Amino acid sequence: MARLAKVDFKQLTKLRDEVNKLHGEEFPKFQEKMEREMATRLVLKALKRTPTDPKDSPGIRAGWSIGDVRYEGGSYSIEVYNSCIYANSVEWGYLAKDGRTLIPGRFMLHLSEEELRQDADKVIEEKLMEVLRRGFP
């Protein structure tokens with residue numbers, strides 16, 4: 001006669017409870033936290049690409065800011081911007097004072113966004129696993 005195996009479902013029950021807890025009350029907090037973290041990472045990447053000008057203080061580097069997290073239409077968003085007047089010209093390029101010479105853009109934010117997109121899934125997965133592991137010693 002075959003024996004039945006004894007199975008302990010405590011860990012599985014605990015996992016279910018953690019996932020339900022995350023889905024219900026903690027998930028919006030997690031999403032907001034991830035939005036802020038990704039925005040911070042984006043600003044840090046853009047800062048590395050932002051040129052410095054000794055005549056320009058505090059200048060374009062000090063202009064990077066992160067807005068508030070917003071929830072609209074079922075998704076979260078956050079704005080990253082540079083408040084310096086000429087940041088857009090440095091980002092995309094501009095004509096020099098002579099009117100004929102094109103000064104190429106530095107693409108500080110654009111390149112940083114592309115770089116962050118490549119890393120985003122990995123970063124989010126790691127953070128989500130941290131949250132799930134929190135309930136399991």
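**A kinked helix and the fold around it**

Helix α3 carries a kink of about 45°, centred on Asp119; the bend at a residue is the angle between axes fitted to the seven residues ending there and the seven starting there. The model is a predicted one, in which local features need pLDDT of at least 70 and side-chain atom pairs count only at pLDDT 80 or more, while totals for chains, interfaces and linings use all residues. Residues are numbered from 1 along each chain as its sequence is written, and side-chain values use heavy atoms, with hydrogens and water left out.

The protein has three helices and six strands. Helices (H or I, at least four residues) and strands (E, at least two) are DSSP runs, numbered from the N terminus. Along the sequence these elements follow the order α-β-β-β-β-α-β-β-α. Of the contacts between residues at least 6 apart in sequence, 55% join residues at least 24 apart, where contact means heavy atoms within 4.5 Å. The protein's accessible surface amounts to about 10600 Å², and carbon and sulfur atoms account for 54% of that surface; such areas come from the Shrake-Rupley method with a 1.4 Å probe, and for residues only the protein chains shown count as cover. Of the 137 residues, 28% count as buried. A residue is buried under 20% relative accessible area, exposed over 50%, and partly exposed in between (1.4 Å probe, protein chains only).

The helix α3 consists of 26 residues and reaches 36 Å from its first C-alpha to its last, close to the 38 Å expected at 1.5 Å a residue. The expected span is 1.5 Å times one less than the number of residues in the helix. Its buried residues are Met108, Leu109, Ser112, Leu116, Ala120, Val123, Val131 and Leu132. An α-helix has 3.6 residues a turn, so residues three or four places apart point the same way.

Just before this helix comes Phe107, in the loop between β6 (102-104) and α3 (108-133). Phe107 has a positive phi of about 50° although it is not a glycine. Most residues other than glycine have a negative phi. Phe107 counts as partly exposed because its relative accessibility is 30%.

The interior of the protein can be approached through its largest nonpolar core. Such a core is a set of buried Ala, Val, Leu, Ile, Met, Phe, Trp, Tyr and Cys residues joined through side-chain atoms within 4.5 Å. This one has 22 residues, of which Met38, Ile60, Trp64, Val80 and Leu109 touch the most other members. Two or more residues come from each of α1 (10-49), α2 (87-92) and α3, and α1 provides the largest share, with seven residues. In soluble globular proteins, nonpolar side chains tend to be buried together.

Beyond its neighbours within four places in sequence, the core residue Ile60 is in contact with Thr50, Pro51, Asn82, Cys84, Tyr86, Ala87, Val90 and Met108. Thr50 itself lies in the loop between α1 and β1 (64-66). Thr50 is buried because its relative accessible area is 5%. Apart from residues up to four places away in sequence, Thr50 touches Ile60, Arg61, Trp64 and Met108. A polar atom of the Thr50 side chain also lies 2.6 Å from the backbone oxygen of Ala46.

Lys45 belongs to helix α1. Its relative accessible area is 16%, so Lys45 is buried. The side chain of Lys45 makes a polar contact with the side chain of Glu115, at 2.7 Å. A polar contact is a pair of N or O atoms within 3.5 Å; within protein, one must be able to donate a hydrogen and the other to accept it, and residues adjacent in sequence count only if both atoms are side-chain atoms. Leaving out residues up to four places away in sequence, Lys45 touches Ser112, Glu115, Leu116 and Asp119; the last of these is the residue on which the kink in α3 is centred.

Two further residues of α1 can be placed relative to distant parts of the chain. Pro28, in α1, has its C-alpha 9.5 Å from that of Tyr71, 43 residues apart along the chain. Gln31, also found in α1, is 9.6 Å from Val69, C-alpha to C-alpha, with their positions 38 residues apart in sequence.

Asp68 is situated in the loop between β1 and β2 (70-72). At 58% relative accessibility, Asp68 counts as exposed. Asp68 is in contact with Ser77 and Ile78, leaving aside neighbours within four places in sequence.
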